[in-house]
Amino acid sequence: LIMYKSEFCDVDYLDNLNVVFVKWKKFCYSEDYRKPLREAVKIMAEHDDCHYVADTRSGFEDTKEDTEWVLSEFNETAYKAGCKYILFIIDENNSLKKELEGQATGFKKYFEVKAFYCLDEIEEFLKSVREYNG
C-alpha cells in the first residue's frame, strides 16, 4: 500500500521494518521534492520509533534551495516525529556520494546516517539496533 505516489517519488510505510520508505524515481525540485518528504514526516509521526529510508538508486541531485529546505525544515520536523535514523539505499557506484555527503553533515545534528546497498542490509541493521536498545 503506497501512501503517496507521484511521477517523481513513492512514499510507503513498511510495517515489518517500522520505516517510512521513500523511493525516488527521477529528478524533481521545489514542491515535487518537498511534498513527499512532508508525507514521510506525517507517517513517522504516526508510528513510534519509525525511521526514514530513501532509495536513491534512481536518484538525482538536489537543488541548493531544496537542500536548504531539508536542513531548515525537514530535519527538525522528522526529529520531532521521533525519527532517529536516516538510511539511504545507494547504487554500487554511489553516484550520489557528493549530494548525500552534503546532506549528511546537516542530518548528523539530528540523526544517525548510514548508507546500504539493499533493503535487506537495512533490515539487519535495524534488527541489531533494536535488539541492542531492547
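**Figure 1. Thr-63 is buried at a relative accessible area of 19%, while its neighbour Lys-64 is exposed at 60%.** Buried here means under 20% relative accessible area, exposed means over 50%, and partly exposed is anything in between (1.4 Å probe, protein chains only). What you're looking at is a predicted model, in which local features need pLDDT of at least 70, side-chain atom pairs count only at pLDDT 80 or more, and totals for chains, interfaces and linings use all residues. Residues are numbered from 1 along each chain as its sequence is written, and side-chain values use heavy atoms, with hydrogens and water left out. Thr-63 sits in the loop between β4 and α2, and Lys-64 belongs to helix α2. Helices (H or I, at least four residues) and strands (E, at least two) are DSSP runs, numbered from the N terminus. Leaving aside residues up to four places away in sequence, Thr-63 touches Phe-27 and Tyr-29; a contact means heavy atoms within 4.5 Å. Tyr-29 comes up again with Lys-64: the two are 35 residues apart in sequence, yet their C-alphas are 9.8 Å apart in space.

**Figure 2. Zooming out, the protein has four helices and six strands.** Follow the chain along the sequence and the pattern reads β-β-β-α-β-α-β-α-β-α. Of the 134 residues, 47% count as buried. Take the contacts with a separation of 6 or more, and 73% of them come from residues 24 or more positions apart.

**Figure 3. Helix α2 runs over residues 64–80 and bends by about 40° at Val-70.** The bend at a residue is the angle between axes fitted to the seven residues ending there and the seven starting there. From first C-alpha to last, the 17 residues of α2 reach 24 Å, close to the 24 Å expected at 1.5 Å a residue. The expected span is 1.5 Å times one less than the number of residues in the helix. Asp-66, Trp-69, Val-70, Phe-74, Asn-75 and Ala-78 are the buried residues to look for in α2. An α-helix has 3.6 residues a turn, so residues three or four places apart point the same way. Just past the end of α2, Gly-82 takes a positive phi of about 105°.

**Figure 4. Asn-75, in helix α2, is buried with a relative accessible area of 1%.** Not counting residues up to four places away in sequence, Asn-75 touches Val-70, Gly-106, Phe-107, Tyr-110 and Phe-111. Two of those partners are worth a second look: Phe-107 is buried at 2% relative accessible area, and Phe-111 is buried at 5%.

**Figure 5. Ten aromatic pairs turn up in the structure.** Rings of Phe, Tyr and Trp (its six-membered ring) pair if their centres lie within 6.5 Å; planes under 30 degrees apart count as stacked, over 60 as edge-to-face and the rest as tilted. Tyr-52 and Phe-74 have ring centres 5.4 Å apart and planes at 65°, so this pair is edge-to-face. Tyr-52 lies in strand β4 (residues 51–55) and Phe-74 in helix α2, so the pair ties together parts that are 22 residues apart in sequence. Both Tyr-52 and Phe-74 are buried. Phe-107 and Phe-111 make another edge-to-face pair, at 6.2 Å centre to centre and 70° between the planes. Ring pairs join Tyr-52, Phe-74, Tyr-79, Phe-88, Phe-107, Tyr-110 and Phe-111 into a cluster.

**Figure 6. Helices α1 and α2 pack at an angle of about 10°, with their axes 11 Å apart.** That makes α1 roughly parallel to α2. Axes are lines fitted to C-alpha atoms, for helices over the stretch in contact, and angles run from 0 to 180 degrees between N-to-C directions. Angles under 35 degrees count as roughly parallel, over 145 as roughly antiparallel, 65 to 115 as roughly perpendicular and the rest as oblique. On the α1 side, the residues involved are Tyr-33, Arg-34, Leu-37, Arg-38, Val-41 and Met-44; they meet Glu-65, Asp-66, Trp-69, Val-70, Phe-74, Thr-77 and Ala-78 in α2.

**Figure 7. Pro-36 sits in helix α1 and is buried at 0% relative accessibility.** Helix α1 (residues 31–46) has 16 residues and reaches 22 Å from its first C-alpha to its last, close to the 22 Å expected at 1.5 Å a residue. Buried residues of α1 include Tyr-33, Arg-34, Leu-37 and Glu-39. Outside residues up to four places away in sequence, Pro-36 touches Tyr-4, Cys-9, Val-11, Trp-24 and Glu-31. Pro-36 and Phe-8 are 28 residues apart in sequence, with 9.1 Å between their C-alphas.
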